[in-house]
Every structure is written in C-alpha cells, then in structure tokens.
Amino acid sequence: MDIQDFLALGAESNTEGQVDLRALDHVSSYDSHLMCPICHCPFIKPVRLQCDHVFCEKCLRSAITTFHSADSDHFPCPSCRTPTRHVSMSVPRLLTNMCDEIQVRCPLAENGCQELVPRGHIQSHVEKYCGYQLVPCPDESCDKKTRKKDLQAEKRCRHSYCRCSRCEEDVMEQDYEEHDLELCPNLRATCVDCGTMVVQRTLKNHIEACPEVVSPCAGSKYGCQARIRRAEISTHEQQCPLVAIGPYFEAQNTRINSLELNMQHLQQRNEVFEDGLANIRSTLVESSRISSRHGSGPTADTDESADRASNASSSNATTYLLSLHESLREEVNQITYALTDLDARASMSIMNECLRIKEDMAHTNAAVNTVRMQVQWLMNPRLHNDTRTASLRANGANSGAEARQLMAASAPGPSNAAGASLGPLRPRRPSDGGREGTKL
Amino acid sequence: MAMAFAGKRLSKMNEHLPPGITLVKSDTLEEWQMDIKVLDDNPLYKDQTYRLKFTFSDKYPIEPPEVQFIELPTTSDTPRPIPIHPHIYSNGIICLDLLGRSGWSPVQTVESVCMSLQSMLTANTKDERPPGNNDFVAYNRRRIRDINFVYEDDNV
C-alpha cells in the first residue's frame with residue numbers, strides 16, 4: 001500500500017487496553033536482527049519497505065510523518081535513505097514468530113506477578129490468566145479494586161476490616177492471610193535449638209544469642225573438631241590446647257606473610273639486577289668482538305677487562321665500566337695515530353703525482369712548440385707564393401724579384417730560407433691562388 | 001515513547017561501546033555525556049579526549065538529539081577542550097548535517113553519532129575554526145535546534 005493509505009490506517013487503529021509491548025521487560029536475550037532500528041525493541045507488528053528494511057509499524061509511521069513532506073509521494077528509508085513509495089504489510093511469518101516467542105516479564109510484576117510469558121501470549125495472559133490484574137470489587141457499593149486471584153467463588157467484597165487476634169490490629173480481609181502468616185508483629189516462633197517461644201521478628205537475634213545453638217570452637221581454624229552448645233563453649237575453650245596456642249599461630253602467620261612479601265620484593269629486585277647484568281654482558285661481548293678486529297693491542301686489553309668483568313659481576317660494575325672506558329680511549333688514540341699516518345702518506349703520494357704531471361706537462365709544452373714551429377715553417381712558402389702571384393697579376397710589369405724581396409722582408413726567421421728554397425719546388429696553378437687566400 | 005526505551009538503549013549500550021567512546025554520565029534520560037577520542041594519530045587531536053553532551057527531546061529518536069562539545073577547564077581532573085575543526089565552533093556547537101533535521105535518521109544511535117564525529121575529526125587536516133566563528137560565538141543565543149546551518153561542504 002502506498003504511504004497515504006499507510007498513514008490513514010494508523011489514524012484508525014486503537015490501542016486502548018493493549019499491553020505496551022515496548023515497555024516490557026525482555027528477560028531472554030534476543031538477536032539484534034530482531035530489533036527495530038528505531039525503537040530498539042523486538043519488532044512489533046513489523047512492516048517491510050521496498051529495500052527490504054523492516055520496522056515496527058508505529059515507528060515507521062512516526063518516522064514518515066516527520067520526514068515525509070506533504071507534497072511528495074515518497075520518503076527516504078530511515079536505514080538506507082532509498083526513496084520509497086510503498087509499504088508492505090506482509091513480512092515473513094518466521095520473523096513475527098521469532099519476535100513473539102521472546103520471553104517477557106508480566107507487566108503486572110509490581111503487583112506481584114512473577115510469571116514469564118512468551119511475548120506473543122502476554123496480551124492474553126494479562127487479560128485472562130494473570131491473577132494480579134486489578135478488577136473492580138464485586139460488591140457494587142465498594143469502590144476499591146481487588147486482585148483477580150483474590151476473587152473467590154462466592155464473589156463477595158473482601159475489603160472489610162477484621163481484627164487480628166494477636167496484635168489487635170485491623171487488617172483488610174484480603175490481606176489477612178498474609179498478615180497471619182508473616183507480617184503480624186506478635187507472631188510467635190519456636191527456636192529449634194532451645195525450644196523457647198520468641199516473637200517471630202526477634203528470632204534472628206535470638207538465634208545469634210541462643211545458648212543452646214551448637215557452634216564450633218574458636219580453635220576450629222587450627223583444627224579443633226569440637227562443636228558444642230554455646231553455653232558450654234567457654235569452658236571448652238579454656239581447656240582447648242588449640243585455642244591456647246591460637247595467638248602464637250596468629251603471630252606466626254603474620255610473620256610468614258610479611259616474610260613472603262619481603263621475598264617477593266627481593267625477587268623483583270633480583271630480577272632487575274639480573275637484567276642489568278645481562279645488558280652489561282651483551283655490551284661487553286659486542287665491544288670485545290669489535291676490538292678484536294682492530295690490531296692486537298686492544299684485544300689483549302679488552303680480554304683483560306672481560307676477565308675482570310666476569311668476576312666483577314659479583315663485585316662492582318663501576319670499575320668494570322671504567323676499565324671499559326679506558327680501553328675504548330686507547331682504541332680511539334690508536335685510530336688517531338693511524339689516521340695521521342695515513343694523512344702523511346696520502347699527501348706524499350699526491351706530491352709525487354704532482355711532480356710527475358708537471359714534468360709531463362713540460363714535455364707536452366715543448367712538443368707543442370715544435371709542432372707550431374713546423375707548421376709556421378710549412379705555411380711560410382705558401383704565403384710567399386700567394387703574394388707573389390697576386391702581385392704579378394696586379395702589377396703585371398712588376399718584376400717577380402721585387403715581390404720576392406717583399407716576401408723575404410715580411411717573413412723573417414729561420415724558416416725563411418727554407419721557404420724560399422721550397423717555394424719554387426711547388427709550382428702552383430693560377431686558380432689555386434684565390435682558394436689559398438680565402439683559406440688563410 | 002522516548003523515555004520508555006531510552007533506558008533500554010542505555011543498558012544495551014553499556015554492553016559494548018566502540019573503541020574510543022565511553023559513557024560518562026547518564027543519570028537522567030534527557031541528558032547524557034560521552035567522552036570520545038580520535039584513534040589514529042592525527043596530530044591535531046592526538047592524545048586528547050573530548051566531552052560530548054547529548055540532549056534528548058521527547059521525540060527522540062524520531063527527532064535528532066542536540067549534540068555539542070562541552071569544555072572542561074584544563075585545571076580540572078579531566079580537562080576536555082573543544083576540538084579545533086572547520087565545522088566546530090569554539091563554543092562546541094557542531095555543524096553536521098547528520099545532526100540536523102534533514103540529515104537525521106531515526107536509526108541513528110548515540111554510538112553511531114559518536115563514531116561519525118570521530119571520523120569527522122580523523123579526516124580533518126585543517127587547524128582552523130569555521131568562518132565567522134567569533135561573531136557566531138559572541139551573538140548566538142538560539143538553541144541548537146533553531147540554528148539554520150548551511151551544509152555546504154561535502155568533503156567532511
């Protein structure tokens with residue numbers, strides 16, 4: 001059915017005289033899946049939404065009225081917010097059965113009903129079977145109510161007062177039985193031990209003081225087996241050796257207790273010390289392992305300190321630690337020496353390398369110079385030739401000798417003679433001239 | 001209706017609370033106090049405990065409870081600051097759609113609200129108060145249910 005119908009249905013339903021199932025005291029534990037997520041009670045008249053979420057009919061109705069806006073025909077499911085149009089009134093019978101079989105306490109428990117009933121039956125229990133349901137008095141002139149179980153076959157009013165013969169108190173007839181058996185202050189009871197009659201209320205006090213009650217000897221906790229009447233117990237206790245020795249036992253017990261405490265304390269301390277010792281030992285082993293890797297000197301030293309440490313476990317740890325410190329210091333010193341040595345060596349080798357490289361560089365320089373000179377020497381005749389051909393072309397009549405003189409003057413140096421002598425060996429085509437010129 | 005089963009909820013809740021959430025005070029059925037802790041090591045909230053006050057109306061759980069952080073001074077035995085968060089005003093009022101009428105659902109419980117707040121704090125990285133915090137704290141005299149929050153931030 002859609003929402004409007006569902007809401008309208010709720011307006012009609014009448015809950016007068018119904019047991020409020022939500023207020024019940026659920027005795028047995030129930031599965032949380034049987035619990036309505038809104039009211040956290042086992043489902044009461046469950047209904048189902050399209051998204052298969054189940055709620056109590058009443059809870060869902062109040063949720064819809066709060067969250068459903070009047071103009072829309074759907075509302076969000078309280079659990080998953082799926083927009084929902086239809087509410088299905090049919091849920092699996094399994095679900096309702098499981099909810100109905102949960103044990104609950106009768107809601108009339110405050111009237112005295114102790115009954116536990118499956119929830120499905122609680123309505124009929126309250127209506128028909130519960131004897132603690134209050135019903136109007138059968139006598140119409142009486143305006144009091146009476147419990148159903150007090151109604152007797154003759155159906156007469158039991159609200160009249162009658163007088164208790166013992167305490168002279170007026171008691172309502174329906175309460176008389178209870179008064180007679182339990183509540184009357186003048187009710188007598190017999191002490192089972194001494195046989196005297198006492199008022200029932202003081203029976204408890206009487207039993208504690210009754211001289212006839214059999215009670216154990218004070219030395220019972222130390223092994224006295226005697227169980228004697230209270231009247232005679234003091235004479236027994238005067239003679240009982242266990243009672244006499246009792247205080248001594250007490251003192252011993254306290255001593256043992258305090259010693260045990262002490263021992264625990266000492267054990268704890270011992271554990272702490274042992275831990276410390278173990279720590280020191282492990283550091284020692286480590287340090288000796290490290291120092292054995294370096295040279296021979298420190299090894300001997302730490303061996304010595306190890307020896308010392310092993311018997312120092314009984315003496316004091318400070319000396320041991322000091323010696324350890326000392327050996328470490330020596331190690332550090334040695335490492336420093338080694339470092340300086342290495343430093344010197346390194347600088348020596350660097351110097352050597354430098355010298356060698358310098359020499360090499362000098363050699364290379366010389367070689368480069370020679371090469372440069374050779375190149376110059378090679379270039380000279382070419383230049384010489386170039387100028388000569390150019391001037392020949394330009395001046396025409398100018399004699400080659402003049403040009404040669406010019407060249408000789410512009411290119412002095414030792415290569416000059418060679419250039420002059422080589423020049424004619426290399427005849428040049430006129431076309432070469434321009435190319436050579438651009439190259440230079 | 002609320003009162004009938006609020007007590008029932010309470011007894012059920014004490015059985016198993018999620019980690020980091022403890023019930024501090026529940027002597028009345030109208031007001032409860034809870035302590036929550038942020039469980040991961042978000043530096044903003046590390047090693048801090050915050051006190052939440054739940055106020056239930058007659059219509060709970062159909063209507064949302066009022067939830068806010070409350071502050072206990074640092075001098076007390078149990079100092080409880082107000083966590084810093086861009087949606088928590090310094091007077092403890094929380095801007096969370098879950099707690100408003102639009103976002104509330106009757107299936108929510110005290111635990112689920114606490115867990116939502118835990119995760120809201122966990123996810124936060126900004127060390128700041130909401131914009132307009134000072135004005136709001138100074139001038140707001142309305143009850144929490146009457147404040148019209150605008151839930152603009154979907155990231156938190």
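Me: Which strands does helix H2 (residues 110-122) of chain B lie across, and at about what angle to S2(B)?

Reply: This is a predicted model, by the way. In it, H2(B) lies across S1, S2, S3 and S4 of chain B, and it runs at about 35 degrees to S2(B).

Me: What makes those four strands of chain B a sheet, and in what order do they come?

Reply: The order is S1-S2-S3-S4, the pairing is antiparallel and the sheet is open. Pairing takes at least two bridges between strands. S1 (residues 21-25) and S2 (residues 31-37) of chain B have 4 bridges, while S3 (residues 49-55) and S4 of chain B have 5, so both pairs meet that cut-off.

Me: How do you know which residues face each other across S1(B) and S2(B)?

Reply: From the bridge partners: B:Ile21 goes with B:Ile36, and B:Thr22 with B:Asp35. S1(B) and S2(B) also form a hairpin, with 5 residues between them.

Me: What makes S1 and S4 of chain B edge strands?

Reply: Each of them pairs on one side only. And going across the sheet, the twist averages 30 degrees from one strand to the next.

Me: How do you know that S4(B) has a covered and an uncovered face, and which residues sit on each?

Reply: In a regular strand, side chains alternate between the two faces of the sheet. Strand S4 (residues 66-70) of chain B reads just that way, with B:Val67 and B:Phe69 on the covered face and B:Glu66, B:Gln68 and B:Ile70 on the uncovered one. One of the covered residues, B:Val67, is the bridge partner of B:Phe54.

Me: And what else does chain B have besides strands?

Reply: Helices: chain B comes to 3 helices and 4 strands, running α-β-β-β-β-α-α from the N terminus on.

Me: Why is a set of residues called a nonpolar core, and which residues have the most contacts inside the largest one?

Reply: The name fits because the members are buried residues of nonpolar types such as Ile, Phe and Cys, joined through C-beta atoms within 7 Å. The largest has 30 residues, and those with the most contacts inside it are A:Cys36, A:Ile38, A:Phe55, A:Cys56, A:Cys59 and A:Leu60. Strands S1 (46-49) and S2 (54-56) and helices H2 (57-67) and H4 (122-129) of chain A each give it two or more residues, with the largest share, 4 residues, coming from H2(A). A second, separate core of 25 residues includes B:Val38, B:Tyr50, B:Ile94 and B:Cys95.

Me: What does A:Ile38 touch, leaving out residues up to four places away in sequence?

Reply: Residues of both chains: A:Phe55, A:Cys56, A:Cys59, A:Ala63 and A:Pro78, plus B:Pro61, B:Pro106 and B:Val107. A contact needs C-beta atoms within 7 Å, so each of these pairs passes that cut-off.

Me: How do you know how much of chain B is buried?

Reply: Buried takes 20 or more other C-beta atoms within 10 Å. Of the 156 residues in chain B, 26% are buried. In the same chain, residues 24 or more positions apart account for 54% of the contacts with a separation of 6 or more.

Me: What makes residues 249-276 of chain A a "coiled-coil region"?

Reply: That label comes from UniProt, in an unreviewed entry. In the model the span is 100% helix and 0% strand, and its end C-alpha atoms lie 40 Å apart.

Me: What are the confidence values for chain B and for the model?

Reply: Chain B has a mean pLDDT of 80, with 82% of its residues at 70 or more. The model scores ipTM 0.73 and pTM 0.49. Where pLDDT is low, the predicted coordinates should not be read in detail.

Conventions. Residues are numbered from 1 along each chain as its sequence is written. Chains are lettered from A and ligands numbered from 1 in the order in which they are written. UniProt positions are given in the numbering used here, feature names are shortened, and annotations may be inferred rather than shown by experiment. A residue is buried if 20 or more other C-beta atoms lie within 10 Å of its own, exposed if 12 or fewer, and partly exposed in between; C-beta atoms are placed from the backbone. Two residues are in contact if their C-beta atoms, placed from the backbone, lie within 7 Å. pLDDT is the predictor's confidence in each residue, from 0 to 100. Axes are lines fitted to C-alpha atoms, for helices over the stretch in contact, and angles run from 0 to 180 degrees between N-to-C directions.
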